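I opened a fresh page for this chain and went through it piece by piece. Here are my notes, in the order I looked things up.

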Amino acid sequence: MADGVSKQKERFSRAWIVAAAATADYTYEIVADDERGVDMTVHSSEHTLDFQLKATSKPDLQDGFLIHDLDVRTYNLLRSTTRSAYGVLALIVLGPDTSEWHVLDHDVTTLAKCAYYLPLMGLPATTNAATVRLKVPLDNLLTADAMRSLMNEEAARWQRNG
């Protein structure tokens, strides 16, 4: 099959957030209008993570990092320390063949290839006008444990500021 179109990648990237959130025992919702730079939110009983989802089938890998250019408006919205929820970029890497994105048999279901995250809250301002280049560490796999860790960071932020 052909390389997935942008909307198809966007829809599939939600599956990664759903899987990690559900495994961590968090609820989630799709944001219908991403005016705030948010595509999905994940909720614990007290705190919220806001995710901007991006997907690519042509990752730019450099020295242990996944390079991604994010638009400045979204970057500024998610890096703000005054926002009510912790802003996170989720970068989903997909293979070029859409038929390999979701594979299952009687024993296992696989989402291919991988998902990474980068907390944006508190990152420095940029003087760029259009995009800001981000370096997402390849160690930042978006797992259920990572989701719990992000939620713990959000809880700690509220304790410091509370």
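**Entry 1: N140**

A reminder to myself before starting: this is a predicted model. I began with N140 and asked whether it is buried or exposed. It comes out at 15% relative accessibility, so it counts as buried, the cut-off being under 20%. I found N140 in the loop that runs between β10 (131–137) and α3 (144–161).

Next I wanted to know which backbone atom lies 2.9 Å from a polar atom of the N140 side chain. It is the backbone oxygen of Y117. I then listed the contacts of N140, skipping residues up to four places away in sequence, and got A115, Y116, Y117, L118 and P119. I noted where these sit: β9 covers 114–119.

**Entry 2: the five-stranded sheet**

I traced the open sheet of 5 strands and wrote down its order as β1-β2-β3-β6-β9, with mixed pairing. Which strands stand at the edges? They are β1 (27–30) and β9; each has a single partner strand, so one side of each is left without a neighbour in the sheet. On average, neighbouring strands here are turned by 25 degrees against each other, direction ignored.

I stayed with β3 (residues 48–56) for a while. This strand is mostly covered, with 7 of its 9 residues buried. On the β2 side (residues 40–43), I counted 4 bridges to β3, and the two strands run antiparallel. They form a hairpin with 4 residues between them, and M40 has F51 as its bridge partner. Towards β6 (residues 86–93), β3 makes 8 bridges, and that pair runs parallel. Two of the bridge pairs I jotted down are D50 with G87 and A55 with I92.

**Entry 3: helix α1**

I checked whether the length of α1 makes sense. At 1.5 Å a residue, its 18 residues should span 26 Å, and the end C-alpha atoms are 27 Å apart, which agrees.

Then I looked at where α1 lies. It goes across β1, β2, β3, β6 and β9, running at about 140 degrees to β3. Which residues of α1 are buried? My list reads K9, F12, S13, W16, I17, A20 and A21. A textbook note for the margin: an α-helix has 3.6 residues a turn, so residues three or four places apart point the same way. Just after the helix, D25 caught my eye with a positive phi of about 65 degrees.

**Entry 4: the nonpolar cores**

I asked how many residues the largest nonpolar core has. The answer is 27, and those with the most contacts inside it are I17, V42, L49, F51, L142 and M147. The elements that give two or more residues to this core are α1 (6–23), β2, β3, β6, β9 and α3. A second, separate core has 16 residues, including V31, C114, L118 and L120.

I followed L142 out to its partners. Leaving aside neighbours within four places in sequence, L142 is in contact with I17, A20, F51, A90, A115, Y116, Y117 and M147. Y117 is thus on my list for L142 and also on the one for N140.

**Entry 5: L70 and the three-stranded sheet**

I moved on to L70, which is found in β5 (residues 65–71). Its relative accessibility is 1%, so L70 counts as buried. Apart from neighbours within four places in sequence, L70 is in contact with Q52, K54, Y75, L89, L120, A130, T131, V132 and L134. For a sense of distance I picked V103: it is 33 residues from L70 in sequence and 30 Å away in space, C-alpha to C-alpha.

β5 belongs to an open sheet of 3 strands, in the order β4-β5-β10 with antiparallel pairing. The edges are β4 (60–62) and β10; each has a single partner strand, so one side of each lacks a neighbour in the sheet. Neighbouring strands of this sheet are turned by 40 degrees against each other on average, direction ignored. Between β4 and β5 I counted 3 bridges, and L61 has L66 as its bridge partner. Last, I noted that helix α2 (residues 72–79) packs on the sheet, touching β5 and β10, and its direction makes about 100 degrees with that of β5.

Notes: Residues are numbered from 1 along each chain as its sequence is written. This is a predicted model: local features need pLDDT of at least 70, side-chain atom pairs count only at pLDDT 80 or more; totals for chains, interfaces and linings use all residues. Side-chain values use heavy atoms; hydrogens and water are left out. Buried means under 20% relative accessible area, exposed over 50%, partly exposed in between (1.4 Å probe, protein chains only). A polar contact is a pair of N or O atoms within 3.5 Å; within protein, one must be able to donate a hydrogen and the other to accept it, and residues adjacent in sequence count only if both atoms are side-chain atoms. Contact means heavy atoms within 4.5 Å. Two strands pair if DSSP finds at least two bridges between them. A nonpolar core is a set of buried Ala, Val, Leu, Ile, Met, Phe, Trp, Tyr and Cys residues joined through side-chain atoms within 4.5 Å. The expected span of a helix is 1.5 Å times one less than its number of residues. Axes are lines fitted to C-alpha atoms, for helices over the stretch in contact, and angles run from 0 to 180 degrees between N-to-C directions.
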